Amino acid sequence: MNKKYLPFFDQAKKLGIIESEITFQKSRATSIDIFHSEVSSFSISDSQDLVARGVLNNHFGAAHTEKVDKANIINLADQIAVNASLNENDDPAIIFKGSKKYRKKNIYNPEVDSVSVDDKIKLLLDIEKRLKSADKRVSEVSSVSYEETYSEFVLMNSYGLDLSSKSNYFYIYAEVVVKSGDEVKTGYKIFLNNSFKDFNIDQFVNDVVNDATRKLGGKPIPSGKYKTVINPKVTSSLLSFYMRSAVAENIQKHTSLFEGKLGEQIASKKVTINEEPLKNNIFYTYFDAEGVATSNKSFVEKGVLKTYAYNLSTAAKDNVETTGNAGGGGSKIGTTYVNLVLKPGRLSEQELFEKIQNGFYLTEVQGLHAGLNPTSGNFSLQASGFVIRDGKMAEPVSLITVAGNLLDIFKDVVAVGNNLELQTSSTSAPSILIKKLAVAG
Amino acid sequence: MISKNLAVQVLNAGLATGADFVEIFLEENPLLSIQVENGHVKEINSSLQYGAGIRLLKDLQSVYGSTSDVSRKGLLKLASQLAASFSGPAIKSVDKITKKRNHNYYPAEKRLDYIPNQEKIKLMKECSNLMSEYDPSIKIARVFFSESIQKVTIYNSDGFHFEDTRPRLRMFFLPIAVGPNGMETGGEGPGATGGWEFFTDVHDAKNTALRAAEQAVRTLNAKECPSGKMPVVIGNGFGGVIFHEACGHSLEATSVARGISVFSNKKGQQIASPLVTAIDDGTIDKAWGSINIDDEGHPSQKNVLIKNGILTSYMIDRLNGRRMGAVSTGSGRRQNYSYEPTSRMTNTYIDNGKSTPEEIISSVKLGLYAKSLGGGSVNPATGEFNFACSEAYIIREGKVAEPVKGATLIGSGEDILKNITMVGNDLKRAQGMCGSVSGSIPVDVGQPTILVSEITVGGRGGKLQ
């Protein structure tokens, strides 16, 4: 254990806080923006974050500081005592003693640091140049940016648990504006990884431009119910909201759509939802926010709800074992998923279009946070996409709203595509085909 | 946080390779957050944000760095690292620093750090209990309180030193009502810059809590909103989020300077109905979005963005001002030291017109009354926006009729501005957090009741009849 933090544990003990824990995160980030063939913004950051919590009279107290010196480290214990004495939360307050086994892997990739800043800038300038010349309708390359982050994380507690991890990733983001007559559309793409080897510049440029140009000429379609294919991006956004209902805390508070549905069919048989925190990608996590070892598991199997997602406190309430899904920090330990995956099927997206012949292809929704009520599952969202005609993607559709209920969406899944796509939220999903979606033009 | 002497050294280290402007932004910000649920404290957290950001400008190029290590070593290292982005001889240096004084728009009468947390918790519990007792369908009555005392110190290579202490407080009421057909939430979040007097002398928190409860219960029993194009009366206060999202962001130099805003190069042109005058004012006494100086040290000011429908001013920060050949409007803001500042809104509102709210509603035969709006988003390049109504009614024959839920307003900012056909005389502001490139910052939105002749409304209730 790092001796620097011993004064915290000593002070905590003096104040009667027997169980206590600290987490320390140190990160370093670099970001570069290009505009009109020049570096328009370059930034670097170093940050540190020390969070402490402890139990006094069965209640948690928590405090946090970015000023990490001896005085502040000791002061954290004092603040914990004050905050704990005001806390009336009767949820079980548990500091974890440790799991039997941890599956620690090194996912830090030194390649990101070994590429020079100049080479990274050259790559971005090249992307910008290619975007400009890719299509006559590109009127502006509004953003080409890069950001890389390296971080180290340590969790230590009064039971001697001492866990650490380090990781890094970068993303490249580009956005273009295209014009045709008076009509303006934008398109973008994010590439997220920790290796440049998987970056294909031609593919990337093509995807960004295509995302914008294919929307030109978009019009509403007549209101009605359509057989719909939903692309991976929108599916994974919906999936993230859907799976909030599997969070045990929401069940216990009666704000979940899945209350009392454990072991029951909640979705179509085509729907299997796994969580794979140990999957080898940039989101890999081998212990959760409470220091519990994570594991790969199935939440929904062939439409049947297998388990809720637990942390120590919610698990103790239900008298079960935690599933290692604790997230957040300080007194705000919540529940989270890492690498949530909607299991892909066999059909390609094109085969899904052919399967319905005529319908709607939903590719974008706006305002999910305001327009989707996660407790009732009802949503009404601004959306855009394409007409599917004779089994092919046809003209663009814009300025429409789609409305429905999350539970129905996943009940109505007829087929799942094979085009699994990882999103920046760590959730990944392929395209899905659903029986019907209400569209208002 | 640091001595003047060290500030001079850091500024000069930044200037060493030819930068024409260097700025140090130091921040110390103790925060407190408390959550009460059904009358009990569920969470209480205290934290300290602490660090510095250094920015170097050379013509239109900027480099930015931030660190939580504000020691001499840490700051000098960061300044030199950033200076390495440029190459050339120094073109200027700083030898002395003069402190600039500024007006204080938010003197606290009851300093937040002097008020015991027990007193804050007492009010929260009272509000939580009032919501629970309002109706048996309210199963969860949450109240959040947050306060921060952001102390900002800025030094720049023009030889100036600025300071601003921004004490902010906000309470958020979030009741959840549960019925046979699901659950609905209400939401109100009053806040201010200043001291605890906001909740003892200025704002009636208990009444606001009840309004949130009423909203949740009413929505629970409302029918689904019909969809289609229709005239929409947008209520005062948080209804102003429509202007914030659909027009305000497009008037920020962040997008204007790059020519990617629908309002780029439109100064002096009629962009809105002549009934519309819109203002961004960071100098309103004790308002949630007010700042004495912006995060670049410019004194905050009142900017008339649109006067009688004509675009009169953008919101401009230092760097984008260079791009546009314009001066700062006191609009350079950032969430904290880890963000580079850019042009942002403060307290933005559509100014009062002449109609009474009753006249406006009675002018509509069949349409929607969007009394209160939730969040939304906008694409600054196309001006397309969407937002959800948190409280809405159908208007029939000039009268407010049945409540509806699940309504979404969609359209484009340009169109909405032109289609405003009546503007009320009941201006009100409401509080929000605005997220954009330089992070999440406190802002006020506001407007009187307005009538928009046609908006596309999304909902699940079929056609409006």
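Two strands are taken to pair if DSSP finds at least two bridges between them. In the predicted model described here, strand β6 (residues 160-179) of chain B and strand β7 (residues 182-185) of chain B satisfy this criterion, being joined by 4 bridges and running antiparallel. The connection from β6(B) to β7(B) is a hairpin that passes through 2 residues, and within the pair Ala177(B) stands opposite Glu184(B) of β7(B).

Chain B as a whole contains 10 helices and 24 strands. Its C-alpha atoms fill a box of roughly 75 × 55 × 35 Å along the principal axes, and the radius of gyration of chain B, 24 Å, agrees with the value near 23 Å that a compact globule of 465 residues would have. Of these 465 residues, 58% count as buried. Among the contacts in chain B with a separation of 6 or more, 75% are made by residues 24 or more positions apart.

A further element of chain B is an open sheet of 6 strands, arranged in the order β13-β12-β11-β16-β23-β22 with mixed pairing. The edges of this sheet are formed by β13 (310-311) and β22 (428-436) of chain B, each of which pairs on one side only. At the β13(B) edge, strand β12 (residues 302-307) of chain B is joined to β13(B) by 2 bridges in an antiparallel arrangement, with Ile306(B) standing opposite Leu311(B) of β13(B). Helix α6 (residues 241-248) of chain B packs on the sheet, where it touches β11 (278-281), β16 (347-350), β22 and β23 (439-447) of chain B; the direction of this helix makes about 100 degrees with that of β16(B).

In chain A, the secondary structure comprises 11 helices and 20 strands. The C-alpha trace of chain A spans about 75 × 55 × 35 Å along its principal axes, and its radius of gyration of 24 Å agrees with the value near 22 Å given for a compact globule of 441 residues. Buried residues account for 46% of the 441 residues in chain A, while 71% of the contacts in this chain with a separation of 6 or more are between residues 24 or more positions apart.

The domain assignment divides chain A into domain 1 (3-211), domain 2 (217-238 + 344-440) and domain 3 (246-341). Between domain 1 and domain 3 of chain A, the C-alpha centres of which lie 22 Å apart, the contact takes 27 residues from domain 1 and 17 residues from domain 3. On the side of domain 1 of chain A that touches domain 3, at least two residues are supplied by each of β2 (38-56), β3 (59-65), β4 (138-157) and β5 (162-180) of chain A, and the largest share, 4 residues, comes from β5(A). By residue class, this side of domain 1 of chain A divides into 12 nonpolar, 9 polar and 6 charged residues.

Two local environments in chain A illustrate burial. Thr228(A) is located in strand β7 (residues 224-230) of chain A and counts as buried because it has 25 C-beta neighbours inside 10 Å, where 20 or more are required. Apart from its neighbours within four places in sequence, Thr228(A) is in contact with Gly359(A), Phe360(A), Leu362(A), Ile434(A) and Leu437(A). By contrast, the C-alpha atoms of Thr228(A) and Val51(A), which are 177 residues apart along the chain, are separated by 46 Å. In helix α6 (residues 232-242) of chain A, 8 of the 11 residues are buried, so that the helix is largely enclosed by the rest of the structure; the buried residues are Pro232(A), Val234(A), Thr235(A), Ser236(A), Ser237(A), Leu238(A), Leu239(A) and Tyr242(A).

The contact between the chains takes 57 residues from chain B and 53 residues from chain A. On the side of chain B that touches chain A, strand β2 (residues 40-58) of chain B gives the most, with 12 residues, and the residues of this side comprise 17 nonpolar, 32 polar and 8 charged. Strand pairing also extends across the chains, β3(A) and β2(B) being paired in the parallel sense over 4 bridges, with His64(A) standing opposite Ser47(B) in β2(B).

Note on methods: Residues numbered from 1 in each chain as written. Chains lettered and ligands numbered in written order. Predicted model: local features only at pLDDT ≥ 70, side-chain atom pairs only at ≥ 80, totals over all residues. Contact = placed C-beta atoms within 7 Å. Axes fitted to C-alpha atoms, helices over the stretch in contact; angles between N-to-C directions. Domains from an automatic or database assignment. Nonpolar A, V, L, I, M, F, W, Y, C, P; charged D, E, K, R; others polar. Buried ≥ 20, exposed ≤ 12 C-beta atoms within 10 Å, placed from the backbone. Rg over C-alpha atoms; globule rule 2.2 N^0.38 Å.
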